[in-house]
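Student: I've got a new model on the screen and would like to talk it through. Could you walk me around it?

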Amino acid sequence: MLRWCLSTVRVLGGVDGAQRIRLLSSASAHVQECLPRSTNTSKRSLRTSNDPQESGPSNSTRAISALREILRSPTQAPDPSRKPTPNTIRSFYISAKARGQLSQLDSAMLSALIGLFGTLSVDSTSRCVYISSLLPFVKDGPVTRDYWAFVKEVASLKQQRGLTLAHSDRYWVMRAELASLSPSKDGQPDYTHAFDRSLSRARKHYLHFSRYVFDPDVHIPYLTALLSSTDPLHKQWAIDAMVSILLTHPFLHTKVLKVLLGILHDTDTALLGSILSAISIRVTRFPSPGGDTTGARIAVPVDATTVTSALSVFPLPVASPSPDVKAITELLHEAFSSNTPLAHRRSNLLLCSLLYNCNGSGVPISSADFPLDGGASMWQTLFALAILEQVTRATGPALLHDRALRGRIQEMIRSLHESWLHLMPNESHPTIISRAVTTSLFRLSGVVVDPKLFTACLESSTNFGLWAGDFSDTVEGPQLAAMAAMHLAALVQVRGCRAELVMKTLNYYSTDVQHQSVVVSAAIKDLIHRDVELARILYNIAVHGGREIDIDTAYSLARALPLSHAVGFLKHERFSRAQVGGLLSSIACLLKETRHQHYDADLFNDIGISLCNLYAISPPPIYFRGHLQLLLAELCSRGSGFQAMTIIAKVIKVYPAFFQFSFLLRLVRLFLRRKQFRCALRMQKVLVNARGGCAVNLRHMVTTRLGVTVSRRLSTNIFVTGRKSHTLFAGGCFWAAGTLFKSATSSGPVYNRALQGLIYARRPHAAKVAFSRVASKVNMESRTILGNTLLHGVLTRPVPRNGRRVRKLLGLLDNLVKDQQFAPDRITINIILKALMAWRTAFDYQRLRALFDHMIRGGYPAGSYSPSHPPFSTPPLRTSGTLTLSKLPPYISFEKHAKPMFKMFIKAFYLRNDVEAARTVVEILKVEQQEATLQREKRSVARLKGRMKAESKMTRSRRDDDSCS
């Protein structure tokens, strides 16, 4: 055994060998699960008693067999419990390597292994083309480490065996090399050499596959690593790679464009020559007869923004008869052909970068960017209009309030309009580009509310014949509709939104109602981001005029409107279930922001009806829970409690655990505070039926609310005769409108807390009525506790005082004994003593001494004194009824009965300046306190001895059983 351990450590190598041995031992448990069941079953049937190892693979081949089975790409995913973990697969590889069995893995299996562990080492959200297909067959879980070293090890093994690395293998090895780089250490003397070597190895692998793969996620990591370096050589490598992408990729992804524009900003004109030349070759090469090579049809450009979006991706020229594709190709050829000066090409590319980086909140636009003398080219005009559209879209309605920014943009728009007017007669630009420019000019003239510019745009578009076209054409139709929509939006912004003007303008565009609906829908969609109130007015005019607005536009408008107008869209018949839910979410957010504003009751009624209809059958999604709870709380607070309860009952019926329990308790408190007692009762029933364990918490919470002063109406309702009872302890319910507890589910402590709440709320009559209704439903002990609580309530009231208080207390006691079968106990005596001691004029120190001796004669502990020799030697009192101690239970608790009484006498003697008597009672209290402590210790020791005796008996019985056996 020792020789085997030494050989294993020697083969696996040094300290790491111990770790790998642990991996092998942990992996052995997964081998049989990873092997196919059919093989195990068939071979198990061949097992005989003479050859027990014939049924399956031997111990030396289990790991390689399991590894081969995993790397064969099964067609069906295994049971999740049988999926191997990455460390298990790695341990199979290590075990096979230790036994020299890796030669059984072919090239495809090694590539699958490299791809799997490379995929596990990158972000799980990555969607690269080389993501491994084996990922679903590996057990899910958080990956706390990367496997780049293992990826390079497997790739090295593949090369040592003379196998060719696939493109995917080279990609993952390149990622492994890039992962070892640390840009923060770039430039340090000790790290520069290692940094250069890693980049060189990564570049070697990248050059093998870069021309054949068009996925941007394949190229971005390499380009980012090169640009993070401070070495000029590495930047030149990045430029070379970008040139290769420009010459080979049929379509430039947004991520690639971002890197390209980043290179443009950080590189001088001399180094950019190769990139600009590559762009020139790309946009001017001979069109391919195979048709569109971009892989996707370019959308018809309708304004400057869409035209520049099509231009910015530098699509390859295509021999296509489509006029929009032809116009884009001609513009690219004009801006980046080799005949164009290099400085102009760089300027055009800088405009692309400026548009890409435009965030609308501070783009440095100056008159130098857009010449005011009419010398701008069509490329500059288009990109300048697109940039201004981005700026105005981001600024929104605030643009009208910023006069400086508005005036600056207005000057630029007029300058661009003049440039376009100079370009139109001199150059024969396609009508498609002219319509796009006009559409943007209409939009911008409405944004800055410039009537002169609007009139000039309308006149120029009419003179150039831009309105002539076919609405049904696939290219002219979208362009004419967009230009008409922006003209309509600008018209209502400049001249006001009047129904006659809008309908007349729509009829001018086309007599087809469907085409008019498309135009007005686009106009409303554009106005939503600029003036939502104007968009709402235009929507109402169109709907009343019989024009059907696009459903998505109506939904966007509803979500942008204020609450009072947004609720009306809940009745929209064409809204889908998801759209109604999204609109309710927006309404919930608006309610949260404007919670203290006053709204009409009908508005919340509409919200409640929509919620009832929406979630009558299926429950709402879990992400909507917060918004739904907010809406329900608002419905309850606005007086629509029954409607909210109906919604809650429907949702809980389908999904009992949807609502948070704290939210439902908060609703009960809200019902009680708003005096919606019927709703509170229904909520209690729903909660108890859905969650039976919540009854105790509900009982405690609601009985606590009983003492709130706001609920004073509950006690006043008791006095009203003939009214339908929904008040305190009505019928068979314990405060049915308040606490919501039936007598069968309530107990003495619950009633006691309720009585205390009524007493503290200064509602003694309600407390008496409550006691009378529950006295016959509790046992004798609970009845005594409740009666004592009611009696003590007399003492807590500020009035009456002294004699009236004593008479009131004794009268209440007599009534409780006669009518409610109340049985006084020693706590009742303490309450009476407290009332008597507070009456100082009737009970001076002499009568107080006599009263204390009377208590000692009645059996109370007296320390060194006795009932026959009381402390003050006063004559016996002649008492009957109230202070007759012989009728009380004989047991006297020091903590509950004697100690509180002694403390009351001590305080009363001190208040009457009878210090001697007070000291005597203090001595008695000390003696009895010590005696009680000794008794408590004796009981503890006795309980402990009893337990020890029981344990010794059990031990002795076990020994006897063992001896007998």
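Student: Let's start with helix α22: which of the residues in it are buried?
Tutor: Keep in mind that we're looking at a predicted model. Helix α22 covers residues 499-509, and a residue counts as buried when its relative accessible area is under 20%. The ones that count as buried there are L501, V502, M503, T505, L506 and Y509.

Student: And which helices do the buried residues of α22 pack against?
Tutor: Look for partners with heavy atoms within 4.5 Å. One partner spans 513-528 and another 532-544. Together with α21, that makes the answer α21, α23 and α24.

Student: Which helix gives the most to the largest nonpolar core, then?
Tutor: That core has 210 residues, and F314 and I587 have the most contacts inside it. The biggest giver supplies twelve residues to this core, and runs over residues 476-495. So what you want is helix α21.

Student: How many residues are in the other core, the one that lies apart from it?
Tutor: Its members include V806, I832, M837 and F843. As background, nonpolar side chains tend to be buried together in soluble globular proteins. The count for this other core is 58 residues.

Student: Back to F314: what is its phi near, and which helix does it follow?
Tutor: Among the residues F314 touches are L252, I279, R282, F336 and C352, leaving aside residues up to four places away in sequence. Its phi is positive, near 50°, and the helix it follows is α14.

Student: Is α14 largely enclosed or not, and why?
Tutor: Count along residues 304-312: A304, T305, V307, T308, A310, L311 and S312 are buried. That's seven of the nine residues, so by the rest of the structure α14 is largely enclosed.

Student: Now helix α5: is S95 buried or exposed, and what does its side chain contact?
Tutor: S95 sits in α5, residues 86-98. Its relative accessibility is 6%, so S95 is buried. Its side chain makes a polar contact of 2.4 Å, and the partner is the side chain of R99.

Student: T88 is in helix α5 too. How far is T88 from A63 in space?
Tutor: T88 counts as buried at 6% relative accessibility, and its side chain is joined to that of T85 by a polar contact of 2.7 Å. In sequence, T88 and A63 are 25 residues apart. C-alpha to C-alpha, the distance is 9.9 Å.

Student: Is V449 buried or partly exposed?
Tutor: V449 is in the loop between α19 and α20, and its phi is positive, near 55°. The relative accessible area is 28%, so V449 comes out as partly exposed.

Student: What about Q821: which loop is it in?
Tutor: Q821 also has a positive phi, near 55°. At 47% relative accessibility, Q821 is partly exposed. Its place is the loop between α38 (802-819) and α39 (826-838).

Student: Which residues make the nonpolar surface patch of about 430 Å²?
Tutor: Try Y655, in the loop between α30 and α31. Y655 is partly exposed at 34%, and a patch residue needs over 30%. The patch is made by I622, Y623, V654 and Y655.

Student: Last one: how much of the chain counts as buried?
Tutor: The chain holds 42 helices and two strands. Its accessible surface is about 48,200 Å², with 54% of that belonging to carbon and sulfur atoms. Out of 965 residues, the buried share is 48%.

Notes:
Residues numbered from 1 in each chain as written. Predicted model: local features only at pLDDT ≥ 70, side-chain atom pairs only at ≥ 80, totals over all residues. Heavy atoms only, no water. Buried < 20%, exposed > 50% of the residue type's maximum accessible area, 1.4 Å probe, protein only. Helix = DSSP H or I, 4+ residues; strand = E, 2+ residues; numbered from the N terminus. Patch = residues over 30% accessible without salt bridge, like charges linked within 9 Å, V, L, I, M, F, W, Y side chains within 5 Å. Areas by Shrake-Rupley, 256 points an atom, 1.4 Å probe, with all protein chains shown as cover. Salt bridge = Lys/Arg side-chain N within 4 Å of Asp/Glu carboxyl O. Core = buried A, V, L, I, M, F, W, Y, C linked by side-chain atoms within 4.5 Å. Polar contact = N/O pair within 3.5 Å; in protein donor to acceptor, adjacent residues only side chain to side chain.
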